[in-house]
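New to this one? Have a look at the sequence and the fold below, and then we'll walk through a few spots together.

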Amino acid sequence: MAEERRGAWFGFGFCGFGQALGSGGGRQVHSPEPLRAPGAGLDVCRVSASWSYTAFVTRGGGQVELSGFAVGAVGGCRDAWASEELLVVLRAGPGPGAGTELQAWAPGSALRGEPLWAQTVPEAEREDGPGGDETQAGPLPLLPCARAYVSPRPPFYRPLAPTLRARRLELGAEHALLLDAAGQVFSWGGGRHGQLGHGTLEAEPEPRLLQALQGLTMAEVAAGGWHSLCVSEAGDIYIWGWNESGQLALPTKSLAEDGKTTSEASGLNEDGSEVKRVAGGEDGAPTPFIAVQPFPALLDLPLGSDAVKASCGSRHTAVVTRTGELYTWGWGKYGQLGHKDTTSLDRPCRVKYFVDKQLQVRTVSCGPWNTYVYAVEKEKS
């Protein structure tokens, strides 16, 4: 087997609190820049970004380094998950044979003193037979036992039904998405922006299967502030929820109007999507703008590219293709789309930086207002 090519992390978008985004100059970075990690020479394997700070997890000794409004470092960690309310880390428990401990810290604590609370968690259960590891729990906030997850709001430790064999879990501002071992998607929480995908704007207190995706095997899920996305094993993208800034890659009023709009009406499409029609289209006819899409909608990338990875920010979306290209769209006020400007987009647009530098993108991790990307050099032909 060929040796894995070493890569590097890049960042762009909001850095008003000194987050390690490239040069870190000013409040925003408009184009990808090599990560200026807080610890020199650290081999970062995972990035988890909140609004005001970012947590970097390293290989080897498992160091967690914080950058931005919150600073600090701690060793012996397997994973970290950053939110404004809590910083959660998984690390080796105190003493030999103590297992893995879940610790929740106040972000401003600099990881010193005692955590707000701690709990020992069981190790991941392994499935028998070929491909068993594929059903293992993903990164935080899903816990290694795949029977619980951590939330930034009480109760912090939340059990999942025993029937749910979770593979990955993502939290939005008000909702949760879960991908199970069979590739099915469940959602619950607030639904006022259609982010649950059940065709209504109602909340769901417990995980509910997305009927619209039954029969399709999903490989990835991503939760934005108020929108959701999943990627099928075949590389297709399904997206739903709030489209205020074009984050669903659908026409949106906020990007199209020029301030001279005089009349507006609302209604529903046959598929349940909320449509606002504003006078003043180029041909004189009302122009439809999709405000809310409460059902999963199939989204095609340019050139028919297949997706393999995805992440969502507060109001922007990023997708990695099978060939290692990065597409971004949605809200771009702080440069979080990586297109050298602060323009918002309601269509997927390839980030040219990685193409120009002959880099293949492997993964993407969005913070609310910024984006982190891991990329490797393309193989020489």
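What follows is a short tour of one strand, two cores and some empty spaces.

## Before we start

Keep in mind that this is a predicted model.

## A strand with two neighbours

Let's begin with strand S28, which covers residues 370-377. Seven of its eight residues are buried, so the rest of the structure largely encloses S28.

Who are the partners? Strand S1, residues 7-14, pairs with S28 in the antiparallel sense over seven bridges. As part of the match-up, Gly-13 sits opposite Asn-370 of S28. Strand S27, residues 359-366, also pairs with S28 in the antiparallel sense, over seven bridges. Here Leu-359 has Glu-377 in S28 as its bridge partner. S27 and S28 make a hairpin, with three residues between them.

## Two nonpolar cores

The largest nonpolar core has 17 residues, and those touching the most other members are Leu-229, Ile-237, Leu-301, Val-319 and Trp-329. Strands S18 (227-232), S19 (237-242), S23 (307-312) and S25 (326-330) are the elements that each give two or more residues to this core. S23 is the top contributor, giving three residues.

There is also a second, separate core, made of 16 residues. Its members include Phe-10, Val-320, Val-351 and Val-373. Phe-10 falls within the residue range of S1, and Val-373 within that of S28.

## A pocket to look into

Next, find the second largest pocket, which holds about 370 Å³ of space. Its lining has 22 residues, and the closest to the pocket centre are Tyr-149, Arg-158, Leu-171, Ala-176 and Trp-188. Four strands give two or more residues each to this lining: S12 (157-159), S14 (175-180), S15 (185-189) and S16 (204-209).

What classes of residue line this second largest pocket? The lining has 13 nonpolar residues, along with five polar and four charged ones.

## A closed-off space

How many cavities of 30 Å³ or more does a search of the whole structure find? The search turns up two. The second largest cavity contains about 40 Å³ of space.

Around this second largest cavity you'll find Gly-324, Glu-325, Leu-326, Arg-350, Val-351, Phe-354, Val-355, Leu-359 and Lys-378. By class, that makes five nonpolar, one polar and three charged residues. Some of these names have come up before: Val-351 belongs to the second core, and Leu-359 is the bridge partner of Glu-377 in S28.

Notes:
Residues numbered from 1 in each chain as written. Predicted model: local features only at pLDDT ≥ 70, side-chain atom pairs only at ≥ 80, totals over all residues. Heavy atoms only, no water. Buried < 20%, exposed > 50% of the residue type's maximum accessible area, 1.4 Å probe, protein only. Pairing = 2+ DSSP bridges. Core = buried A, V, L, I, M, F, W, Y, C linked by side-chain atoms within 4.5 Å. 1 Å grid on protein atoms, 1.4 Å probe; cavity = no way out; pocket = protein on both sides within 12 Å on 5 of 7 lines; lining within 4 Å. Points joined across faces, edges and corners; volume = space filled by probe spheres on them. Nonpolar A, V, L, I, M, F, W, Y, C, P; charged D, E, K, R; others polar.
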